[in-house]
Amino acid sequence: MDITIKNEGEKTLVTLDGRLDTTNADQFQSDIQPLLDLQKPDIDIDCTNMTYTSSQGLRIFLSLQKSVLARGGKMVLHNMNPQVKEVFDITGFSNIIAIR
Amino acid sequence: MKHRFNPIKDKSSEIIEYLMSSPDMPSDEPTRFKLRLSIEEAVENVVRYAYEGGIGWLEVGTSLDRDSLVLTVELRDAGTPFNPLDRDDPDITLSAEEREIGGLGIFLCKQMMDTINYRYEDGNNILTMTKKINK
């Protein structure tokens with residue numbers, strides 16, 4: 001899983017590329033640390049090239065969302081592939097994380 | 001096909017790839033996605049929690065009924081007796097603030113596979129998952 005994070009004005013743009021699974025979940029957790037340090041998060045995550053996530057990935061998205069909400073911010077996931085979207089739907093994550 | 005991995009500590013990825021490379025596996029990506037996810041969750045459960053200190057073995061295998069095209073994935077370990085199906089499903093209607101982190105792995109297996117069964121036999125945990133596939 002490759003991740004790029006860049007700031008554009010008030011917004012933070014994140015791009016994910018690859019599979020998020022048990023082999024790289026710990027790395028992903030530390031890669032997103034900058035997002036947990038934002039004062040007032042306004043995060044857009046481009047999921048076009050995220051091809052897979054397991055529960056290991058979901059737990060990280062949930063903890064990120066909790067942290068964003070606790071700081072009064074927002075986070076939107078964009079262009080999720082249909083299979084990854086199904087994982088978010090089945091687990092109810094589509095109701096608690098904004099997906100466009 | 002069937003193989004016993006020993007030791008299994010830090011071997012999740014190797015075990016998952018072994019199963020995904022089985023000739024019994026379907027070729028269509030959406031079904032492979034569901035199988036990979038279920039296999040990852042089930043394998044991780046054993047690798048992380050079955051043995052104290054992570055020292056132990058895990059035997060995994062696949063079989064395909066050529067008539068019904070039902071694929072079976074079986075995992076067997078000699079770790080602490082544990083029925084993952086005993087766990088309550090997560091409440092997927094809760095808000096982000098209320099949701100607990102975790103508890104989604106076996107729930108995903110249940111959703112992605114057609115059947116999932118657990119039995120404890122001769123000192124082994126045996127988890128059997130099936131899914132109808134297209135060949």
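**Note on a predicted two-chain model**

1. Phe5(B) stands opposite Leu58(B) in β2(B). The model that holds this pair is predicted. The two strands concerned, β1(B) and β2(B), the latter covering residues 58-65, pair in the antiparallel sense over four bridges. Lys2(B) also has its bridge partner in β2(B), namely Gly61(B).

2. On the far side of the next turn, β2(B) is joined to β3(B) by eight bridges, again with antiparallel direction. One of the facing pairs is Val60(B) and Leu75(B), the latter in β3(B). The two strands make a hairpin with four residues between them. Within that turn, Leu69(B) has a positive phi of about 60°, which is worth a look in the backbone.

3. How are the strands of the chain B sheet ordered? The sheet is open, has five strands, and follows the order β1-β2-β3-β5-β4 with antiparallel pairing. At its edges are β1(B), residues 2-5, and β4(B), residues 115-121, and each of these pairs on one side only. Averaged over neighbouring strands and with direction ignored, the turn from one strand to the next is 15°.

4. Two helices of chain B lie across this sheet. Helix α1(B), residues 12-20, lies across β1, β2 and β3 of chain B and runs at about 15° to β2(B). Helix α2(B), residues 29-49, lies across β2, β3 and β5 of chain B, and its angle to β3(B) is about 10°. Both β2(B) and β3(B) are therefore crossed by α1(B) and by α2(B).

5. Taken as a whole, chain B has three helices and five strands. Read from the N terminus, its elements run β-α-α-β-β-α-β-β. The radius of gyration is 15 Å, close to the 14 Å from the globule rule for 135 residues, so chain B is as compact as a globular protein of that length. Along the principal axes, its C-alpha atoms fill a box of roughly 45 × 35 × 25 Å.

6. Two further values describe the packing of chain B. Of its 135 residues, 30% are buried. Counting contacts between residues at least 6 apart in sequence, 66% join residues at least 24 apart.

7. Chain A also contains an open sheet of five strands, in the order β1-β2-β3-β4-β5, and here the pairing is mixed. Its edges are β1(A), residues 2-8, and β5(A), residues 98-99; each has a single partner strand, so one side of each is left without a neighbour in the sheet. Strands β2(A), residues 11-20, and β3(A), residues 42-53, run parallel and are joined by eight bridges. Across this pair, Val14(A) stands opposite Ile45(A) in β3(A). Helix α4(A) lies across β3 and β5 of chain A, at about 110° to β3(A).

8. Which residues make the contact between the chains? It takes 19 residues from chain A and 20 residues from chain B. On the chain A side, the elements giving two or more residues are α3(A), residues 55-70, and α4(A), residues 82-90. The largest share of that side, eight residues, comes from α3(A). By class, the same side has seven nonpolar, nine polar and three charged residues.

Technical notes:
Residues numbered from 1 in each chain as written. Chains lettered and ligands numbered in written order. Predicted model: local features only at pLDDT ≥ 70, side-chain atom pairs only at ≥ 80, totals over all residues. Rg over C-alpha atoms; globule rule 2.2 N^0.38 Å. Buried ≥ 20, exposed ≤ 12 C-beta atoms within 10 Å, placed from the backbone. Contact = placed C-beta atoms within 7 Å. Pairing = 2+ DSSP bridges. Axes fitted to C-alpha atoms, helices over the stretch in contact; angles between N-to-C directions. Nonpolar A, V, L, I, M, F, W, Y, C, P; charged D, E, K, R; others polar.
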